[in-house]
Amino acid sequence: MLDKALDGSKKYWTWILFLLAVIGVGMANYMKQYEYGLGVTGMSRDISWGVYIAQFTYLVGVAASAVMLIIPKYLHDYKKFGKIVILGEFLAISAVTMCLLFIVADLGQPMRLMNVILYPTPGSILFWDMIVLNGYLFINLLVGWTTLAAERKQVPPPAWIKPFIYLSIPWAVSIHTVTAFLYAGLPGRHLWLTAIMAPRFLASAFASGPSLLILLCLLVRKISKFDPGKEAIQTLAKIVTYAMIINIFFLAMEFFTAFYSNIPGHMAPLQYLFFGFHGHGNLVPFMWASVIIGIASVGLLINPATRQNEKILAFAAAGIFIATWIDKGIGLVIGGFIPNMFETVTEYSATGTEISIALGIWAIGALVLTVLYKIAISVKEETGGEEVH
Amino acid sequence: MSMDRRDFLKIAGITGLLGAGVAAVSGKMPGILEAAVTSPNSNALKAKQWAMVIDMRKFKTQDDYKKVIHACHSIHNIPEFGNPKDEIKWIWTDKFEHTFVGQEHEHISEAVKEKPFVLLCNHCEKPACVRVCPTKATFKRNDGIVMMDYHRCIGCRFCMAACPFGARSFNYRDPRPFIKDNNPKYPTRMKGVVEKCTFCVERLDEGLMPACVEACKDTKALVFGDVGDPASEVRKVLKDNFTIRRKPELGTSPSVYYIVGGGENAG
């Protein structure tokens, strides 16, 4: 099926070339980082994780969201998702690829990466994250490719693939739970030391991933002959709505516990993020933008009239994606380090080199997604998108 | 150096034999040989759990702090970058309110409020950094010292996120050009790895006290010893004085104790 990726329009190739250019610039900057060390980034002794780990965390959520298509389709036989379930699986592959690259980009000694396998340490959550992420990548590659190949031949998918499909459901939950445990088990980082870290991660994942999928479905319909279906998109929108409301609810719970208990350590990072702390507040405008965009988008999604208007829906989906990205792709990770262990504040801002490397990895993800979607859509255009049972 | 064919073959032959010899020896080892002490020093200091008491009453002048920090940083090849972003530090000072977060109050004595406190790795009995490390590059020795293997560290900095005491530094760039006086007896580090105080394991192995402890031995501002030995000096000091530890509520059980003192220790 790979040949489908090589047979594209001029627009397709222009897009591919553009992505390759962004990747090239990112690679050049990564070489600079590889030579000099992580000092080329904005990270410091106090803020020891930055953009890379934040992107990794956000994208684990996007990856996990494929399960929001798998569950309705395979557990509830919701046929409308039959056409687009492959889009969710391929999005997961692209997202996990980016996750792994962001971890590698963040390592001080990337050549020693294999030490995680050579000296396996089950007590470390990072060890388990390595296992669940690679496992999830493998499952989605296997399931996505096998089901698509069957669809192309207009035969039902082989029976042996079913267990892998069911396995992908708890596995999707596991990748985000384990990633939340990276943070939630650390003593002394008050923003992260919360039992609802994993539930929060899952809620924001099931808002952010499906909202990106809505945008992708609308785009696919526009640029190809394959129509994911209005009803499928509407169902996705309802999933996003519920998930985002739960996500906002969870954030409100964090506020209640911190501020009603009035424990300084618990309040400090939230104060820094939303109101400023000891005169520092670089992220305050971003966090409020996240809250306002998030709530406004939920408003547009709750109201059936606006949700069913696909132009407005696209707007709202983009809003959710941006709001959750600011919350998790910036605020959550940076906020965990502020104030530092001495209750003082070191601010963080990403450098150009760091941003370019991050954009390069996003571009690799977009490239993987483009190629996979091209293949999937070419098959769908041949078969009319109907699968065989 | 010029080398003719004959010399080359000689050297190649010897190298080959050596290689085969090493391979034969290491082949007999069960599993991977992780580390070995070739000739254990009989003077080496041993303990169940090394610990330190920092007697802040004994730190009176700027010089008292300087000599302690210098003793450590000069022998351990700590670079000086001149900026807080890349900073590497094993032992340093900070205010009371930053050292004992949450313990300060409005009416605290001026002397305590303004006094610099000495900070270093706490060599916790239940270290969070060791728990999170994905490669065992940071590990706890039998004598309680939390150690680093600079050759195994992948630079993920999970330990820095986990340490509640801000004791760890990361080599954001090559430290070697920034080391003032290189001490050839102690290894320098490379970029991309984490480092911190090791309670001077290399000195304990030779029967010596940690460098910082030795630097202030006249005042006994730092008392070092085995907290597992009831007869040790640290145990005596802990018994005779009121001491506190940093963030004990987090359950890491730090091995560094502080005698804060009262107003008499105005510095």
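Here is a short chat about a predicted model of two chains, A and B.

Visitor: Let's start with chain B. How many helices and strands does chain B have?
Guide: Keep in mind that we are looking at a predicted model. Chain B mixes both kinds of element. The count is nine helices and nine strands.

Visitor: And what percentage of the contacts in chain B with a separation of 6 or more comes from residues 24 or more positions apart?
Guide: Chain B has 267 residues, and buried ones make up 40% of them. Now take its contacts with a separation of 6 or more: the share from residues 24 or more positions apart is 67%.

Visitor: Now the place where the chains touch. Which helix gives the largest share of the side of chain B that touches chain A?
Guide: The contact takes 33 residues from chain A and 41 residues from chain B. On the chain B side, helix H5 (128-132), helix H6 (158-162) and strand E6 (169-170) each supply at least two residues. The largest share is four residues, and it comes from H6(B).

Visitor: How many residues on that side of chain B are nonpolar, polar and charged?
Guide: This is the side of chain B that touches chain A, and all three classes turn up there. The split is twelve charged, ten polar and 19 nonpolar.

Visitor: Over to chain A. Are H4(A) and H14(A) roughly parallel or roughly antiparallel?
Guide: Helix H4 (residues 85-106) and helix H14 (residues 352-383) of chain A have axes that come within 9 Å and cross at roughly 155 degrees. Angles over 145 count as roughly antiparallel. So H4(A) and H14(A) are roughly antiparallel.

Visitor: Is the crossing of H4(A) and H14(A) left-handed or right-handed?
Guide: Look for the contact residues, including A:Phe90 and A:Met98 of H4(A) and A:Trp362 and A:Tyr373 of H14(A). The residues of that contact divide into 19 nonpolar, three polar and no charged. As for its hand, the crossing is right-handed.

Visitor: What about H6(A) and H7(A): are they roughly parallel or roughly antiparallel?
Guide: The axes of helix H6 (residues 125-152) and helix H7 (residues 161-184) of chain A come within 9 Å. They cross at roughly 150 degrees, and the cut-off to pass is 145. H6(A) and H7(A) are therefore roughly antiparallel.

Visitor: Is that crossing left-handed or right-handed?
Guide: By class, the contact of H6(A) with H7(A) has 19 nonpolar, seven polar and one charged residues. The way H6(A) passes H7(A) is left-handed.

Visitor: Where does A:Pro339 lie?
Guide: Most peptide bonds are trans. The bond from A:Ile338 to A:Pro339 is cis, with omega near -5 degrees. You'll find A:Pro339 in chain A, in the loop between helix H13 (310-336) and H14.

Visitor: Is A:His278 buried or partly exposed?
Guide: A:His278 sits in the loop between helix H10 (264-274) and helix H11 (284-302) of chain A. It isn't a glycine, yet A:His278 has a positive phi of about 50 degrees. A residue needs 20 or more other C-beta atoms within 10 Å to be buried. A:His278 has 13, so A:His278 is partly exposed.

Visitor: Last one: is B:Lys247 buried or exposed?
Guide: B:Lys247 belongs to the loop between helix H9 (233-240) and strand E9 (256-259) of chain B. B:Lys247 is a residue other than glycine with a positive phi, near 40 degrees. The cut-off for buried is 20 or more. B:Lys247 has 21 C-beta neighbours inside 10 Å, so B:Lys247 counts as buried.

Definitions and conventions. Residues numbered from 1 in each chain as written. Chains lettered and ligands numbered in written order. Predicted model: local features only at pLDDT ≥ 70, side-chain atom pairs only at ≥ 80, totals over all residues. Contact = placed C-beta atoms within 7 Å. Nonpolar A, V, L, I, M, F, W, Y, C, P; charged D, E, K, R; others polar. Axes fitted to C-alpha atoms, helices over the stretch in contact; angles between N-to-C directions. Parallel < 35°, antiparallel > 145°, perpendicular 65-115°, else oblique. Left-handed = near helix turned anticlockwise from the far one by under 90°. Buried ≥ 20, exposed ≤ 12 C-beta atoms within 10 Å, placed from the backbone.
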